[in-house]
Amino acid sequence: MSEGRVEEAYVRLKERAVNFQFRPGERINEIGLSRELAVSRTPLREALNRLVTEQLIDFKPGLGFFCRELDPRSVYELYELREILELAAVRKTCESASDAELKALNDDLLANGLTYVGNTVREVTERDEAFHVAIAELSGNHELALHLRQINQRIRFIRWLDMSSRVKETKGEHKAIMEAMLDRNADRAAEILGKHIRRRMDQIVASVKESFSNIYMAGPEELFDRQFEPHED
């Protein structure tokens, strides 16, 4: 089996799974995908099984592969887990990261992480994720950073929606978190970060409803490839 063919199929299928180009609960047509991607069923299934492991799609014995459900309870629990991981990370980073590492993160945030006008929702969200993952990496716990990346993939659709409506607030919170870390104020950094991440169940339900609207009506690309205009600054 060609590893290159598996990797190519995996990357293309992962994009669709994260973006919900497969609709929630929809059975994935392996024959159609095999023709569309010009790969045989064996590398296709290898790629699909990798996505099952990452919990981006589901497998039902005897029935096949399915797009994961967009369920408010599951999304809420992922946000709870994200908060637990990130609060542990920011406290450890305040304690153990070097001054040079914190300065480098601050420099990158000032150079690339606070501007958004002229960038798409996708691009701004990528920078948002990068900032949070960088904090986790500076904690020195590689497993923590790995699990945070996996969670980010599973809630990315919701985060795109959040970013499209509260980008200015998000950037201000990032700056405040960074300032607290530079001061080695772990309690302050954790307090701001917790508020930044924390979501009530009713907010999650509203976001999921909006997600369904974008999946079935507007189309994800229409929202996520939209550029932020100067008046949104």
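## A walk through the chain

Buried residues account for 47% of the 233 residues in the chain. Keep in mind as you look around that this is a predicted model.

**Start with the whole chain.** Show it as a cartoon and colour by secondary structure: you should find 10 helices and two strands. Followed from the N terminus, the elements run α-α-α-β-β-α-α-α-α-α-α-α. Turn the view along the principal axes, and the C-alpha atoms fill a box of roughly 55 × 40 × 30 Å. The radius of gyration is 19 Å, which agrees with the value near 17 Å for a compact globule of 233 residues. Of the contacts between residues at least 6 apart in sequence, 78% join residues at least 24 apart. Switch on the surface for a moment: the accessible area is about 11700 Å², and carbon and sulfur atoms hold 49% of that.

**Next, go inside.** In soluble globular proteins, nonpolar side chains tend to be buried together. Here the largest nonpolar core has 67 residues, and L13, L105, F131 and M181 are those with the most contacts inside it. Select residues 142–182, helix α7, to see the element that gives the most to this core, with 15 residues.

Now centre on M181. Which residues does M181 touch, leaving out those up to four places away in sequence? Display V90, T93, C94, L102, L105, F131, I135 and A189 and you have the set.

**Move to helix α5.** Select residues 99–113 and pick out N106. Is N106 buried or exposed? Its relative accessible area is 17%, so N106 is buried, since the cut-off for buried is under 20%. Beyond its neighbours within four places in sequence, N106 is in contact with M178 and L182.

**Then take helix α4.** Select residues 72–96, a run of 25 residues. A distance drawn from the first C-alpha of α4 to its last comes to 36 Å, close to the 36 Å expected at 1.5 Å a residue. Colour the buried positions of α4: V75, Y76, L78, Y79, R82, E83, L85, E86, A89, V90, T93 and C94. V90, T93 and C94 may look familiar, as they are among the residues that M181 touches.

Stay in α4 and show R82 and E86 as sticks. Their side chains meet in a salt bridge, 2.8 Å from N to O. The two residues are four apart in helix α4, so about one helical turn separates them. Both partners are on the buried list for this helix: R82 has 3% relative accessibility, and E86 has 2%.

**Finish with more charged pairs.** Side chains of opposite charge can pair when their charged atoms come close. The chain has 22 salt bridges in total; here are some further stops:

- E173 and R166: their side chains form a salt bridge at 3.3 Å, N to O. E173 is buried at 16% relative accessibility, whereas R166 is partly exposed at 23%.
- E191 and R188: this salt bridge spans 3.4 Å, N to O. The pair sits three residues apart in helix α8 (residues 186–197), so about one helical turn lies between them. E191 is partly exposed at 37% relative accessibility, and R188 is partly exposed at 40%.
- R5, E8 and R12: salt bridges with shared partners join these residues into one network.

Conventions. Residues are numbered from 1 along each chain as its sequence is written. This is a predicted model: local features need pLDDT of at least 70, side-chain atom pairs count only at pLDDT 80 or more; totals for chains, interfaces and linings use all residues. Side-chain values use heavy atoms; hydrogens and water are left out. A nonpolar core is a set of buried Ala, Val, Leu, Ile, Met, Phe, Trp, Tyr and Cys residues joined through side-chain atoms within 4.5 Å. Buried means under 20% relative accessible area, exposed over 50%, partly exposed in between (1.4 Å probe, protein chains only). Contact means heavy atoms within 4.5 Å. The expected span of a helix is 1.5 Å times one less than its number of residues. The radius of gyration is taken over C-alpha atoms; the globule rule is 2.2 Å times the number of residues to the power 0.38. Accessible areas come from the Shrake-Rupley method with a 1.4 Å probe; for residues, only the protein chains shown count as cover. A salt bridge is a side-chain nitrogen of Lys or Arg within 4 Å of a carboxyl oxygen of Asp or Glu.
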